[in-house]
Every structure is written in C-alpha cells, then in structure tokens.
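Open the model in a viewer and keep the selection tool at hand. The stops below say what to select and what is there.

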Amino acid sequence: MQEQELPVAIHVEDLVVGFGRRIVIDHLSLDVRRGEILGLVGASGGGKSVLMRTVIGLIARRSGKIDVMGSDIGATPGCRTNQAAQKWGVLFQQGALFSSLTALQNVAFPLRENATMSDELMTEIANAKLEMVGLTSEDGAKFPSELSGGMTKRVALARALALDPAIVFLDEPTSGLDPIAAGDFDTLIKTLQKTLGLTVFMVTHDLASLNTVCDRVAALADGKIVAIGPMSELLRSEHPWVKAYFHGKRSMMLQPKVM
Amino acid sequence: MTNEPLLLTSANGSALELRPTGSWTVGNAAVLEQLSASIAPQLARAQSITVNMSGVRELDTLGAWLIERISRHFADGGQHARLVGAADDYIDLIEELRQVNRRHDPAATKRMSIADRLERLGRAALAAVLDLSAFLQMLGAVCLATFGVLRHPRSFRLTSLVYQIYRVGWQALPIVILITFLIGAIIAQQGFFHFRKFGAEAYVVDMVGILVLRELGVLIVAIMVAGRSGSAYTAELGSMKMREEIDALSTMGLDPVDILILPRVVALIVALPILAFIGAVAALYGGGFVAWFYGGMSPVTFIARLHEAISVTHFEVGMIKAPFMALVIGIVACSEGLRVKGSAESLGKQTTTSVVKSIFLVIVLDGLFAVFFASIGM
C-alpha cells in the first residue's frame with residue numbers, strides 16, 4: 001500500500017478537549033488522507049461528535065494542533081476558520097436545515113453567500129445538487145418540516161456539497177433511516193465521493209456502512225484513537241473496547257462472513 | 001499555466017471548437033457565467049460543436065454544469081455536440097450532470113390578477129374567523145378542564161400552579177413596581193405642571209387616584225404581563241409542540257390542557273390582580289413622591305386629599321377587570337402556542353401574534369368595561 005504517499009487532508013495532533021473538569025478528548029492524534037472515507041466509531045457520549053465539532057472549529061480546544069487543508073483551526077478564533085469553512089461541508093445529525101427556507105433555497109444558500117452568479121444559474125446548480133442526491137425538483141419546493149427523515153438527510157447532504165468542498169463531515173448520516181434508505185445513502189456517499197473526489201470524515205454507529213463504504217475506520221475510546229485501519233484490521237484488534245464493539249451479538253449478526 | 005478560466009473558440013467552417021481552460025470552479029462563478037454567455041452568438045451560427053476539455057485544470061459541479069448547459073442548449077436545437085479530452089476524474093461528474101435538470105418545471109411566474117387578490121382577501125377573512133374559533137375552542141377547553149378539576153379536585157396540578165404563580169407573579173414584581181411607580185410619578189408631574197396654570201393643583205390628587213385605580217394601574221400591568229408572561233407561555237408551548245412533547249402527553253392518555261394550560265391560565269388569573277393591586281399602590285407612591293418634592297404638597301395633605309377624592313368603588317372597578325384580562329392573556333398565549341408549526345420562523349410569528357393580540361384584546365376589554373361600569377353607575 002502506498003499509504004505514506006497520500007497527502008493528508010486533516011491532521012490532528014495531541015488534541016485535548018474538555019468541559020469543566022471532564023476531559024473528553026485526551027491527547028488524540030489522527031490523520032485523514034485526501035480522498036478517503038474515514039469512519040469514526042466510539043461509545044455513545046464518548047466524544048465522537050465532540051471531536052468532529054472541534055475539528056470544524058465549533059468547540060474550543062484546550063491544547064494541540066488541528067490542520068485542515070493547510071489551515072490551522074481554532075488557533076485564532078474567526079477568520080482562519082471561516083476561510084477553511086469554505087473548504088468543507090458539514091452534515092449535522094438532525095440535518096440542521098434552515099426551517100424558514102425551502103429545500104432548494106437551503107441548497108442555494110451557501111452559493112448565494114459565497115459565490116457571485118445569476119439567480120437562474122444558482123437555481124440550476126442547486127437543483128442539480130438535489131438531483132445528484134436523488135431528489136426531484138418537486139421536493140426542492142418543500143419546506144424542511146414537510147420532508148421525511150431520509151429526505152432531510154439528503155437535502156442536508158446536498159447543502160453540504162453545494163460549494164463542492166474538498167472535505168465533507170458527516171455526523172451519523174444513516175441514523176434514523178431504515179436499512180434500505182441507509183444502504184441507499186451509503187451508496188450515494190460512495191458515488192459522490194468518487195465523482196467529486198471528496199474526503200469524507202464520517203461519525204457513525206452503522207456497522208453496515210462502516211463495512212461497505214469506509215476505506216478506513218478509527219475507533220475512539222477513553223478520549224484516544226485506540227485503533228485505526230481498514231475494517232479487516234480493526235476486526236483483528238486486541239483492544240478490549242474495539243473487540244466488544246465489533247464482536248458483540250449485534251455485530252456478529254451483521255457480518256457472519258467477515259468473521 | 002494560469003488558473004484563470006478561459007473559453008477559447010476556433011471556428012472551422014460551420015464547426016465550432018470550444019476549448020475551456022483553467023479552473024472551472026465555483027470560485028470563478030461570475031467569470032464563468034459571463035464566458036458561457038459570451039459565446040452565444042457563435043453557437044447560434046455553428047452547425048456542430050466540439051468541446052475540448054484537455055485544458056481544464058480544475059472542474060467542479062458548477063463548471064461541469066456550465067459546459068453541459070452549453071452543449072445541451074446546442075443539442076436542443078437538433079445539432080450535434082461532442083465532448084472530447086476530458087480527464088478520467090471528470091468523466092463521472094460530467095456524466096452525472098447529463099442527467100440533471102432534465103425536467104422543466106413550469107416556472108412559478110409571479111402573477112397577481114384580481115382573482116388572486118380576491119383569494120387573498122378571502123383567505124385573510126377566513127383566517128380571522130379561524131382565529132376567533134381557536135380562541136373560543138381554547139376557552140371552551142379550559143372551562144371543561146376547570147369543571148373536570150372541580151369534580152376531581154385531586155387531579156389539579158398544584159405544584160405546577162404554584163411554580164407558574166412564582167414565575168408570572170413573584171418574579172414580575174420588581175419590574176411591575178418600577179414601571180407603575182414611574183407612571184404614577186409622570187402623571188402627577190404633568191398634572192402639577194398644567195393644573196398650576198389655573199390654580200387647580202389640589203385636583204392632581206383626584207386625577208392620579210382615579211386614573212391609577214380605575215384604569216391605568218390594571219391596564220399597564222396587564223400589558224406588561226402580556227409582553228412578559230404571555231410571550232413566554234406561547235414560546236414554551238410552541239417549542240413543546242415542535243418537539244412533539246405535547247403529542248407525547250396525549251399518547252399517555254393525558255390532556256395537555258389539564259397539565260400545561262390550566263395551571264398557566266389559573267396562575268395568571270391569580271397573579272394579575274395581585275400585581276395590579278401592587279402596581280396601583282406603587283403608582284400612588286410615585287404620585288405622592290412627585291407631589292411632595294415637585295408640587296410641594298406634604299404626604300399628609302396628599303393622603304387626606306386622596307381620602308376625599310377616591311372611594312372603594314374606583315378600586316373595585318380596577319380590580320374586577322384584572323382577572324378577566326388575565327384570562328384573555330392566558331387563553332390567547334396558550335392557543336397561539338399550540339398553533340406553532342415545525343419551523344423556528346413560525347414560533348417567532350406566533351409569539352408576536354400572541355403579544356399583539358392579547359394587548360389589543362386587553363384594551364378592547366378595558367373599553368367594554370368602561371361602557372359597562374358607566375351604565376351601571378359605578
């Protein structure tokens with residue numbers, strides 16, 4: 001494997017994040033390579049979302065270094081992070097669509113704010129994004145409160161991709177979707193990643209999507225990355241938490257062949 | 001090689017070759033859109049076009065769509081468009097964009113005919129009727145819940161009532177006292193200033209006493225409560241509705257009116273008269289202060305004049321109105337809260353409506369009471 005040759009999209013070094021006296025992320029280091037899909041797993045409440053939100057600059061860190069596409073995140077609040085923000089798109093767990101805008105307007109919003117173009121072109125691009133995530137132009141006229149869970153996630157993904165970012169952060173993209181919709185969403189992420197050449201950082205609990213779409217999987221336990229590598233490698237890991245995670249009853253049921 | 005996007009053209013007879021170069025990405029959107037529009041006349045003349053993609057350094061959805069749009073526009077005219085030299089990385093993206101925006105939805109043109117205006121008027125009238133019916137429904141539901149509580153007093157949520165009284169009554173005290181004190185002081189000051197011209201300073205006390213006890217005390221307090229507590233009720237119930245908490249209550253076989261609304265409305269009915277009383281007293285204090293320091297009327301004289309000027313009737317008139325105003329504020333706030341829909345915007349809209357409507361109704365009610373008390377000679 002030519003692992004070392006791939007340039008790094010996200011570089012996290014010695015990161016510490018905590019709230020009050022509780023340390024959530026404890027001297028964590030992680031590299032995400034350009035063009036890969038990295039899945040992050042960890043216990044509920046174990047700091048996965050905190051790690052993601054720190055990397056995108058929403059939570060202040062205690063110490064350490066975060067470098068996303070060459071920008072230092074969180075060192076000087078505001079300006080550098082804002083610059084970097086144009087290089088990534090974020091899919092929040094609940095979609096976080098603007099409830100006063102239609103689906104189409106939601107997707108057009110980043111375009112309107114960050115690029116100069118005619119309204120006609122903007123609508124075409126936004127509509128193209130909606131169709132790329134598998135929605136129709138009729139769906140574009142709906143308000144977020146009229147969308148189903150799966151459609152909300154798709155619109156949110158289209159909005160995250162509006163500016164063709166280099167990196168996409170996905171916070172539990174398949175949670176709350178039925179297995180068929182979740183499978184479709186996985187395929188969608190894989191396809192888009194291929195066509196648009198994205199780097200995907202995905203927080204997930206969905207063992208099926210870890211297995212099918214992720215190039216590498218990182219396991220977060222006790223505030224550290226305890227194992228990282230392709231799925232097959234993680235399945236061989238000896239770390240007790242990783243073992244419990246991937247060899248529990250539910251996991252065995254899902255992947256009898258891998259074992 | 002520069003990253004500045006360019007669109008080179010070379011015509012060979014009726015065949016046109018387009019050679020986009022540089023970065024065809026969203027960062028250059030304005031330039032790109034101009035470029036693709038500028039070749040329109042050449043496109044119109046050409047019989048066939050070839051798009052040579054070999055010079056493109058970077059391509060994203062926007063760039064790919066613009067190129068697709070050019071060739072599609074051309075192909076729509078029954079002509080032939082060809083794409084050559086695209087890097088492998090971009091082929092997928094271009095193929096993907098071939099599929100999109102195929103269906104032309106009937107453009108939502110903004111026309112405003114007379115029929116539309118009439119429709120709007122009709123809808124507004126209907127909305128007013130629905131508003132009234134929502135108010136009456138909530139009033140009915142609260143009455144029903146009250147009867148239910150009277151039959152089974154144990155089902156009443158006493159803890160909730162006490163907590164709500166603490167919030168809308170006790171916590172509102174400082175601001176109510178401050179504002180009514182100032183209002184009383186201002187009325188007295190204006191009275192002294194103007195009455196002095198014709199030597200009627202003694203009647204300032206009558207004016208302050210009657211105005212504050214009959215009208216202003218309760219009205220000001222009701223308006224403040226509508227703005228302070230009514231809006232809080234609407235926002236609370238509205239966000240509970242948004243988060244399906246109210247549906248959750250219903251599925252447990254509990255009536256949201258019993259649990260959430262009745263204690264809130266009753267708390268207002270209990271708290272508002274108390275606040276109005278305290279407010280009226282504070283306003284009299286304010287008037288007395290100004291009379292002492294500005295009008296040169298000693299507190300003893302002020303109190304003696306007050307004794308002569310006002311009777312218990314004035315006080316009763318003010319106090320009788322208070323619970324009714326509280327009921328109106330509570331019902332409006334709760335019914336607007338339950339009408340919140342999914343979006344954050346609707347929460348804001350309903351909260352505004354709640355405050356505006358309850359202040360309006362409080363003033364209308366005050367007017368009706370004025371007519372009523374005048375006709376029964378109070």
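Select B:Cys334. In this predicted model, B:Cys334 has 0% relative accessibility and is therefore buried, the cut-off being under 20%. Go next to A:Cys214, which has 10% relative accessibility and so counts as buried too.

With cysteines on screen, how many disulfides does the structure hold over all chains? The count is 0. A disulfide is a covalent bond between the sulfur atoms of two cysteines.

Now display chain A and chain B together and select the residues in contact. On the chain A side there are 22 residues, and on the chain B side 24 residues. About 2,000 Å² is buried between chain A and chain B, with carbon and sulfur atoms giving 58% of that area. To see where chain A contributes, pick A:Leu121, A:Met132 and A:Thr195: they supply 24% of the area that chain A buries against chain B, more than any other three residues. A search for salt bridges between chain A and chain B returns 0.

Move to chain B and select helix H10, residues 256-293. B:Phe293 is located in this helix. Is B:Phe293 buried or exposed? Its relative accessibility is 61%, so B:Phe293 counts as exposed, for which the value must be over 50%.

Last, extend the selection from B:Phe293 to B:Phe277, B:Val281, B:Tyr285, B:Phe289 and B:Trp292. Together with B:Phe293, these residues form a nonpolar patch on the surface. Switch on a surface display to view the patch, whose accessible area is about 660 Å² in all.

Methods. Residues are numbered from 1 along each chain as its sequence is written. Chains are lettered from A and ligands numbered from 1 in the order in which they are written. This is a predicted model: local features need pLDDT of at least 70, side-chain atom pairs count only at pLDDT 80 or more; totals for chains, interfaces and linings use all residues. Side-chain values use heavy atoms; hydrogens and water are left out. Patches are made of residues with over 30% relative accessible area and no salt bridge: like charges are joined within 9 Å, nonpolar side chains (Val, Leu, Ile, Met, Phe, Trp, Tyr) within 5 Å. Accessible areas come from the Shrake-Rupley method with a 1.4 Å probe; for residues, only the protein chains shown count as cover. A salt bridge is a side-chain nitrogen of Lys or Arg within 4 Å of a carboxyl oxygen of Asp or Glu. Helices (H or I, at least four residues) and strands (E, at least two) are DSSP runs, numbered from the N terminus. Buried means under 20% relative accessible area, exposed over 50%, partly exposed in between (1.4 Å probe, protein chains only). A disulfide is a pair of cysteine sulfur atoms within 2.5 Å. Contact means heavy atoms within 4.5 Å. Buried area is the accessible area (1.4 Å probe) that two parts lose on being put together, summed over both.
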